[in-house]
Amino acid sequence: MDRVALAAFLRARRAALQPEDVGLPRGRRRRTDGLRREEVAALCDMSVDYYSRLEQPRGPRPSEQMLAAIARGLRLPLEERDHLFQLSGHAAPRRVRRGDHINPGIMRILDRLEDTPAQVVNHLGETLKQTWMAVALLGDETAYTGRARSLHYRWFTDPASRLTRPESDHSEHSRLLAADLYSAHARDGSDSRTAELVRALRTASPEFETLWAEHPVLGPYCAPKRFQHPQVGVLELHCQTLVDPDQSQRLLVFTPVAGTESYANLQLLSVLGGHLGRP
């Protein structure tokens, strides 16, 4: 680990980031052009003391999980992420067509959607990042571990995951999720994480096995989605999707039609957000 070079690299990348780049207000009393250490620490989900020691440089050797969080917080492209790992004495993560490193461009868009339910998911249905409004609507989907990280897996194996959808929509939603995995499996092949997830689901869920045998295919039209929320009731939201160029991840943005009951209920949820997910 090259602590001096790592510290210099972190300071340079922090100085290059502007508050507007990460969805933060500039404010009138800002004396530096770049971000403050405490702002970067918050973006990386770590303590200010830990991050500050890395920049000074007198910190411990960061784990791969910490480095991934720093790369995401600093909005590093893949080349700079790899360099960060190498400075810390770790091998650069193996590059796969689909992974957890969010495209910096998608992160910049997500940062500007703070008051809108939006989240980034990968091809396995694993949620990588959410706005606070998405947490208020759906709960913290980034907190799961193992196979449960995948919404597809939770939907077919954990009854509690279905509480976010009206019961009358369960059958259709099951088919959509199965079709989504079917499409991903066709792209990724039998020697992939997608194939491992499919095999686990076919063993764990008779419902999924039945749907899989039907060779489900996604249609061209994405109908509005209905969500069941314990505080504000049913919300009908349109889902706009932005796909990463290599199709590794999708940015999902949920919006209601203005003037509808769902629009009013989503506004109510934003008021309740301080209790349901807003930091």
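**View 1. Contacts of Ser 161 in the predicted model.** This close-up comes from a predicted model. Ser 161 touches Arg 154 and Trp 155, leaving aside residues up to four places away in sequence. Ser 161 sits in the loop between helix H8 (151-157) and H9. The relative accessible area of Ser 161 is 13%. Ser 161 is therefore buried, the cut-off being under 20%.

**View 2. Ser 192 and Ala 195 around the start of H10.** Ser 192 belongs to the loop between helix H9 (170-188) and helix H10 (193-204). A polar atom of the Ser 192 side chain lies 3.2 Å from the backbone nitrogen of Ala 195. Ser 192 is buried, at 15% relative accessible area. Ala 195 is itself part of helix H10. Its relative accessible area is 1%, so Ala 195 is buried. With residues up to four places away in sequence not counted, Ala 195 touches His 185, Gly 189 and Ser 190. Val 232 is 37 residues from Ala 195 in sequence. The C-alpha atoms of Ala 195 and Val 232 are 38 Å apart.

**View 3. The crossing of H10 and H11.** The axes of H10 and helix H11 (residues 206-213) come within 5 Å. They cross at roughly 120°. That angle makes H10 oblique to H11. H10 brings Val 198, Leu 201, Arg 202 and Ala 204 to the contact. H11 meets them with Pro 206, Phe 208, Glu 209 and Trp 212. By class, the contact residues are six nonpolar, no polar and two charged.

**View 4. His 215, a positive phi after H11.** His 215 is located in the loop between H11 and strand S3 (225-229). Phi of His 215 is positive, about 50°. His 215 is not a glycine.

**View 5. The largest nonpolar core.** This core has 22 residues. Those with the most contacts inside it are Leu 10, Met 46, Ile 70, Leu 74 and Leu 84. Five elements give two or more residues to this core: helix H1 (3-16), helix H2 (37-43), helix H3 (48-55), helix H4 (64-73) and helix H5 (78-87). A second core of 15 residues is separate from this one. Among the residues of that second core are Trp 132, Phe 227, Leu 252 and Phe 254.

**View 6. The neighbours of Leu 10.** Leu 10 is one of the residues with the most contacts inside the largest nonpolar core. Leu 10 touches Tyr 51, Leu 54, Glu 55, Ile 70, Leu 74 and Leu 84. Residues up to four places away in sequence are not counted here. Ile 70, Leu 74 and Leu 84 also appear among the residues with the most contacts inside the core.

**View 7. Ala 5 on helix H1.** Ala 5 is a residue of helix H1. Its relative accessibility is 27%, so Ala 5 counts as partly exposed. Leu 201 is 196 residues away from Ala 5 in sequence. In space, C-alpha to C-alpha, Ala 5 and Leu 201 are 45 Å apart.

**View 8. The cis peptide bond at Pro 57.** Gln 56 and Pro 57 are joined by a cis peptide bond. Omega is about -10°. Pro 57 falls in the loop between H3 and H4.

**View 9. Arg 75, a buried residue with positive phi.** Arg 75 is in the loop between H4 and H5. Phi of Arg 75 is near 60°, a positive value in a residue other than glycine. Relative accessibility is 9%, so Arg 75 counts as buried.

**View 10. Pro 256 between S5 and H12.** Pro 256 lies in the loop between strand S5 (249-255) and helix H12 (261-276). At 19% relative accessibility, Pro 256 counts as buried. The cut-off for buried is under 20%. Pro 256 touches Glu 236, Leu 237, Ser 262, Tyr 263 and Leu 266. That list leaves out residues up to four places away in sequence. Val 243 is 13 residues from Pro 256 in sequence. The C-alpha atoms of Pro 256 and Val 243 are 21 Å apart.

Methods. Residues are numbered from 1 along each chain as its sequence is written. This is a predicted model: local features need pLDDT of at least 70, side-chain atom pairs count only at pLDDT 80 or more; totals for chains, interfaces and linings use all residues. Side-chain values use heavy atoms; hydrogens and water are left out. A nonpolar core is a set of buried Ala, Val, Leu, Ile, Met, Phe, Trp, Tyr and Cys residues joined through side-chain atoms within 4.5 Å. Buried means under 20% relative accessible area, exposed over 50%, partly exposed in between (1.4 Å probe, protein chains only). Helices (H or I, at least four residues) and strands (E, at least two) are DSSP runs, numbered from the N terminus. Contact means heavy atoms within 4.5 Å. A polar contact is a pair of N or O atoms within 3.5 Å; within protein, one must be able to donate a hydrogen and the other to accept it, and residues adjacent in sequence count only if both atoms are side-chain atoms. Axes are lines fitted to C-alpha atoms, for helices over the stretch in contact, and angles run from 0 to 180 degrees between N-to-C directions. Angles under 35 degrees count as roughly parallel, over 145 as roughly antiparallel, 65 to 115 as roughly perpendicular and the rest as oblique. Ala, Val, Leu, Ile, Met, Phe, Trp, Tyr, Cys and Pro count as nonpolar, Asp, Glu, Lys and Arg as charged, and the others, Gly among them, as polar.
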